[in-house]
Amino acid sequence: MSAADVKTIAVTGVGVMGAVIAQVYALSGYSVRMHDLSAARLDWAWDRIENHRFGVKRAVEIGRLSRDDADAALERLTATTDLEEATSGVDFVLEAVFEDFGLKVDVFKAVDRLAPPHAILTSNTAGLSIAALAHATNRPSQVMGWHWFQPASVMKLAELVVHDGVAPETVATVEAMARRCGKNPVVVKDDIYHWGFVANRIYGAVRREARDIVAQGIATREQVDQIMKDGFRWPMGPFEGIE
Ligand SMILES: NC(=O)c1ccc[n+]([C@@H]2O[C@H](COP(=O)([O-])OP(=O)(O)OC[C@H]3O[C@@H](n4cnc5c(N)ncnc54)[C@H](O)[C@@H]3O)[C@@H](O)[C@H]2O)c1
């Protein structure tokens with residue numbers, strides 16, 4: 001399936017990440033079905049999409065989005081607690097449920113059973129094995145990772161994580177979709193021997209070193225942040241935004 005054939009997307013798990021990812025898909029012209037476990041959670045997602053500081057209302061207020069485009073995007077969004085309804089007839093699924101391997105395997109198995117055979121299935125996991133999720137389905141060549149960054153409506157990176165058995169056509173379709181969503185896709189490998197999430201691997205190493213430096217009394221958190229900003233032009237230090 002080429003990217004032009006993708007019209008309808010299901011996002012299952014519309015929490016902090018999934019809600020804003022659904023927003024980005026809708027703003028990019030896709031029809032989007034949001035799915036979560038309860039009506040309360042779906043209401044929360046609607047509220048986040050509309051009223052969060054990275055939501056559509058604020059984007060209109062600051063002139064980043066026209067009211068007409070915002071309204072058209074909101075009309076392309078629907079919500080349901082029924083996974084069958086959410087995935088029936090879709091071309092593409094993005095899974096963003098809790099970071100729990102067993103749960104994700106169950107979700108992938110269910111989605112594989114319900115979504116049309118041509119649909120591509122992707123996960124927003126921040127580090128679980130894409131190969132394992134792919135092989136929980138009967139369509140591993142159509143499964144890959146699409147790792148989004150927070151806030152999803154702002155951050156440019158689309159880290160696309162692929163396993164050995166993915167079809168080149170699947171990767172090409174997801175890359176094109178990422179570009180349509182205004183993202184810069186980077187395709188990285190998932191490997192059974194090495195953790196294939198480049199952004200979190202490097203960030204994790206930085207955080208470990210930064211914590212060790214403070215624990216060893218070499219510098220304070222504030223000094224570490226300042227060193228990285230002034231010395232390497234980082235926009236923020238490794239401790240900024242951390243409680
Ligand atoms: N928060 C981040 O900064 C971030 C960044 C990148 C990737 N991720 C990844 O995105 C995924 C979601 O993270 P989050 O921070 O949005 O979590 P979250 O807890 O905010 O949201 C998870 C949502 O999944 C729903 N859910 C749970 N089980 C479900 C099921 N069986 N079917 C449908 N929905 C279900 C929950 O009700 C909840 O709304 C995780 O895999 C996480 O590792 C998170």
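In the predicted model, helix 10 comprises the twelve residues 221-232. The distance from the first C-alpha of helix 10 to its last is 16 Å, close to the 16 Å expected at 1.5 Å a residue. Three residues of this helix, Val224, Asp225 and Met228, are buried. Viewed down the axis of helix 10, these buried residues fall within an arc of 100°, and they therefore line one face of the helix. This buried set packs against helix 9, which covers residues 198-215. On the face turned away from the buried side, helix 10 carries the exposed residues Glu222, Asp230 and Gly231. Just after the helix, Arg233 adopts a positive phi of about 60°.

The packing partner, helix 9, was examined in the same terms. Its 18 residues should span 26 Å at 1.5 Å a residue, and the end C-alpha atoms of helix 9 are 26 Å apart, so the two values agree. Helix 9 is followed by Gly217, which has a positive phi near 75°.

With respect to the domain division, the chain is split into domain 1, residues 3-189, and domain 2, residues 198-232. The C-alpha centres of domain 1 and domain 2 are separated by 32 Å.

Attention then turns to the sheet. Eight strands are arranged as an open sheet in the order 3-2-1-4-5-6-7-8, with mixed pairing. The edge positions are taken by strand 3 (77-80) and strand 8 (184-189); each has a single partner strand, so that one side of each is left without a neighbour in the sheet. From one strand to the next, the twist averages 25°.

Within the order 3-2-1-4-5-6-7-8, strands 1 and 4 are adjacent. Strand 1 (residues 8-12) pairs with strand 4 (residues 92-95) in the parallel sense, and four bridges connect the two. One of the residue pairings in this region places Ile9 opposite Phe92, its bridge partner in strand 4. Strands 1 and 4 are also among the elements crossed by helix 6 (residues 101-114), which lies across strand 5 (120-123) and strand 6 (143-147) as well. The direction of helix 6 runs at about 165° to that of strand 5.

Note on methods
Residues numbered from 1 in each chain as written. Predicted model: local features only at pLDDT ≥ 70, side-chain atom pairs only at ≥ 80, totals over all residues. Heavy atoms only, no water. Domains from an automatic or database assignment. Expected span 1.5 Å × (residues − 1). Buried < 20%, exposed > 50% of the residue type's maximum accessible area, 1.4 Å probe, protein only. Arc of directions from axis to C-beta. Contact = heavy atoms within 4.5 Å. Pairing = 2+ DSSP bridges. Axes fitted to C-alpha atoms, helices over the stretch in contact; angles between N-to-C directions.
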